[in-house]
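Please open the structure in your viewer and keep the selection panel at hand. The stops below are meant to be followed in order, each one giving something to select and then saying what is there.

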Amino acid sequence: MPDADIQSEGFRQNRAARRNALVEDYVELIADLLAEGQEARQVDIASRLGVSQPTVAKMLSRLASEGLVSRRPYRGVFLTDAGRAIAEDVKSRHRIVEEFLLALGVGQDSARIDAEGIEHYVGPETLAAFARALDLGLARLFADTRAHPDSPR
């Protein structure tokens, strides 16, 4: 069994990530919609997240009160500088995790879906290790072993 301090730190970090995951999902989606040249409207956010519009309205009020979004009547939702910073961080984590999973041979759809969850829970040290492995050619290594199934692993 792990040391009690290490174990409790793992549980603490997990709870913090769970609290932040929803906020991160919303700002990431809003950034994606805006980047595609669309307005981030409540109806579009609800559709993409698979939740009701009242649920989105409640979260948008929370995000506005936390200074992450601004809302303009009849114009949708926009990210503040703080919201954009969070979205950029989440998108970076998502990209690294998804590329790592793809490098391991996980299929495109599974990698995208799994990265959507893992991105919230992966710690900085692990994320840096994923990035280093990718930089060192992890995808090439796994591609070589898939191409040569008889090779030792």
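Burial comes up at nearly every stop, so one cut-off is needed first: a residue counts as buried when its relative accessible area is under 20%. Bear in mind throughout that this is a predicted model.

**Stop 1: L63 and its surroundings**

Select L63, which sits in helix α3, a helix spanning residues 53-65. Because its relative accessible area is 0%, L63 is buried. If you leave out residues up to four places away in sequence and display what remains in contact, you will find V23, Y26, L68 and V69 touching L63. For a sense of scale, draw a distance from the C-alpha atom of L63 to that of E39, 24 residues away along the chain: the two are separated by 17 Å.

**Stop 2: the nonpolar core around it**

Next, select I30, I45, L60, L63, V77 and L79, which are the residues touching the most other members in the largest nonpolar core, a set of 19 residues. Helices α1 (4-35), α2 (42-49) and α3, together with strand β2, each supply at least two residues of this core, and the largest share, 7 residues, comes from α1. In soluble globular proteins, nonpolar side chains tend to be buried together.

Stay with V77 for a moment and show its contacts, leaving aside neighbours within four places in sequence: they are I30, L34, A40, I45, L60, V69, S70 and R71. Another core, of 12 residues, lies apart from this one, and I96, F100, L127 and L138 are among its members.

Helix α2 can be coloured by burial here, since D44, I45 and A46 are buried within it. Just after α2, select G50, whose phi is positive at about 70°.

**Stop 3: the hairpin**

Select residues 69-72 and 76-79, the strands β1 and β2, which run antiparallel and are joined by 4 bridges. Across the pair, R71 stands opposite V77 in β2. The two strands form a hairpin with 3 residues between them, and Y74 in the turn has a positive phi of about 65°.

Which residue pairs with R75 in a salt bridge? Select E39: the closest N and O atoms of E39 and R75 are 3.2 Å apart. The pair links distant parts of the chain, with E39 in the loop between α1 and α2, R75 in the loop between β1 and β2, and their positions 36 residues apart in sequence. With a relative accessible area of 30%, E39 is partly exposed, and R75 is also partly exposed, with a value of 37%.

**Stop 4: a network of charged side chains**

A search of the whole structure finds 9 salt bridges. Side chains of opposite charge can pair when their charged atoms come close. Select R93 and E24, whose side chains meet in a salt bridge at 3.0 Å, N to O. This pair too links distant parts of the chain, R93 lying in helix α4 (residues 81-103) and E24 in helix α1, 69 residues apart. R93 is buried, with a relative accessible area of 9%, and E24 is buried, with a relative accessible area of 11%.

Now add D89, which forms a salt bridge with R93, the closest N and O atoms being 3.1 Å apart. D89 and R93 are 4 residues apart in helix α4, which means that about one helical turn separates them. In contrast to the buried R93, D89 is partly exposed, at 42% relative accessibility. Taken together, E24, D89 and R93 are linked in a network of salt bridges.

**Stop 5: the annotated span and the domains**

Select residues 24-80, which an unreviewed UniProt entry annotates as "domain: HTH dtxR-type". This span is 58% helix and 14% strand, and its end C-alpha atoms lie 14 Å apart.

To finish, colour the chain by its division into domain 1 (4-79) and domain 2 (84-147). The centres of domain 1 and domain 2, taken over C-alpha atoms, are separated by 22 Å. The contact between the two takes 12 residues from domain 1 and 11 residues from domain 2.

Definitions and conventions. Residues are numbered from 1 along each chain as its sequence is written. This is a predicted model: local features need pLDDT of at least 70, side-chain atom pairs count only at pLDDT 80 or more; totals for chains, interfaces and linings use all residues. Side-chain values use heavy atoms; hydrogens and water are left out. Buried means under 20% relative accessible area, exposed over 50%, partly exposed in between (1.4 Å probe, protein chains only). Contact means heavy atoms within 4.5 Å. UniProt positions are given in the numbering used here, feature names are shortened, and annotations may be inferred rather than shown by experiment. Two strands pair if DSSP finds at least two bridges between them. A nonpolar core is a set of buried Ala, Val, Leu, Ile, Met, Phe, Trp, Tyr and Cys residues joined through side-chain atoms within 4.5 Å. A salt bridge is a side-chain nitrogen of Lys or Arg within 4 Å of a carboxyl oxygen of Asp or Glu. Domain bounds come from an automatic or database domain assignment.
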